[in-house]
Amino acid sequence: MIRVAVVEDDAEVQGVLREYIRRYTRQYGTEFEVSVFADGVDILDNYRAVYDIIFLDVEMKHLDGMTTAERIRQMDADVILIFITNMAQYAIRGYSVGALDYVLKPVPYFAFSEQLKKAEKNLARRASHYLMVPVESGLRRLDSSRLYYLESEGHRVHYYTEDGDFSAPGTLKAVEEKLAGRPFARCNSGYLVNLAQVQAVQQNTVQVGPYELQISRPKRKAFLAALTDYIGGEGS
């Protein structure tokens with residue numbers, strides 16, 4: 001069940017968007033729990049980070065969508081924000097609050113459904129995936145999204161994570177197979193990088209979280225292609 005909030009001061013548009021969400025469910029089978037708010041003030045009142053997606057009207061009477069989004073971001077770093085607006089130039093500011101995209105009024109079903117589809121893919125990509133890593137004391141459960149990268153050294157693998165670094169017996173190839181279908185790619189033969197943690201690429205180096213890693217010539221083309229596909233998937 002995906003939790004959606006619609007923040008829109010026009011009652012007619014509220015009804016249209018509700019019907020679009022029901023139509024999307026009939027078309028694709030995805031179930032939604034929908035909450036509707038008539039103004040930014042309303043959703044911010046006792047706001048709790050329980051929503052997966054928020055559709056925000058940019059222009060509202062009491063508190064505009066951009067200001068609402070800025071305040072939501074202070075309390076909720078993860079919710080997907082999509083703006084609804086009459087003018088595209090207003091929505092471009094939304095990237096400063098990490099908005100996924102925007103849709104123009106009058107809202108056609110196809111454009112709205114494409115945004116829902118994109119958001120659904122984004123949520124699926126975020127879904128937790130855990131590795132069970134054999135360490136000396138037993139097994140360690142590791143959320144793969146919190147990995148920066150893995151490094152091969154002989155018959156051991158070094159794990160560099162948001163929660164600290166550790167090493168365990170094994171091979172990089174074996175871990176790579178366990179991460180199949182997740183956003184990981186090799187920037188050289190000894191490093192397996194979490195593409196979601198890539199901050200920048202400059203010539204022959206990649207910034208992964210706080211680490212700067214070398215991109216080898218043999219792996220460069222495939223690595224950059226994988227990164228481009230991942231970024232395109234987020235924004236497609």
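1. A quick definition before the charges: Lys and Arg count as positive and Asp and Glu as negative, while His and the chain ends are not counted. On that basis the chain carries 28 positive and 32 negative side chains, and the centres of the two sets sit 6 Å apart. Bear in mind throughout that this is a predicted model.

2. Now the overall picture. The chain's secondary structure amounts to 7 helices and 15 strands. Its C-alpha trace spans about 65 × 40 × 35 Å along the principal axes.

3. On packing: of the 236 residues in the chain, 45% are buried. Looking at contacts with a separation of 6 or more, 52% of them join residues 24 or more positions apart.

4. As for the outside, the accessible surface comes to about 12,500 Å², and carbon and sulfur atoms account for 48% of that.

5. The residue I'd look at in the viewer is D57. The UniProt annotation, from an unreviewed entry, reads "modified residue: 4-aspartylphosphate" and covers D57. In the model, D57 belongs to strand β3, which runs over residues 53-57.

6. Is D57 buried or exposed? D57 counts as buried because its relative accessible area is 3%, and the cut-off for buried is under 20%.

7. What surrounds D57? Setting aside neighbours within four places in sequence, D57 is in contact with V7, E8 and D9, and also with G65, I84 and K105. There is a backbone partner to check too: a polar atom of the D57 side chain lies 3.4 Å from the backbone nitrogen of E59.

Technical notes. Residues numbered from 1 in each chain as written. Predicted model: local features only at pLDDT ≥ 70, side-chain atom pairs only at ≥ 80, totals over all residues. Heavy atoms only, no water. Helix = DSSP H or I, 4+ residues; strand = E, 2+ residues; numbered from the N terminus. Buried < 20%, exposed > 50% of the residue type's maximum accessible area, 1.4 Å probe, protein only. Contact = heavy atoms within 4.5 Å. Areas by Shrake-Rupley, 256 points an atom, 1.4 Å probe, with all protein chains shown as cover. Charge placed at Lys NZ, Arg CZ, Asp CG, Glu CD. UniProt positions renumbered as here; feature names shortened; annotations may be inferred. Polar contact = N/O pair within 3.5 Å; in protein donor to acceptor, adjacent residues only side chain to side chain.
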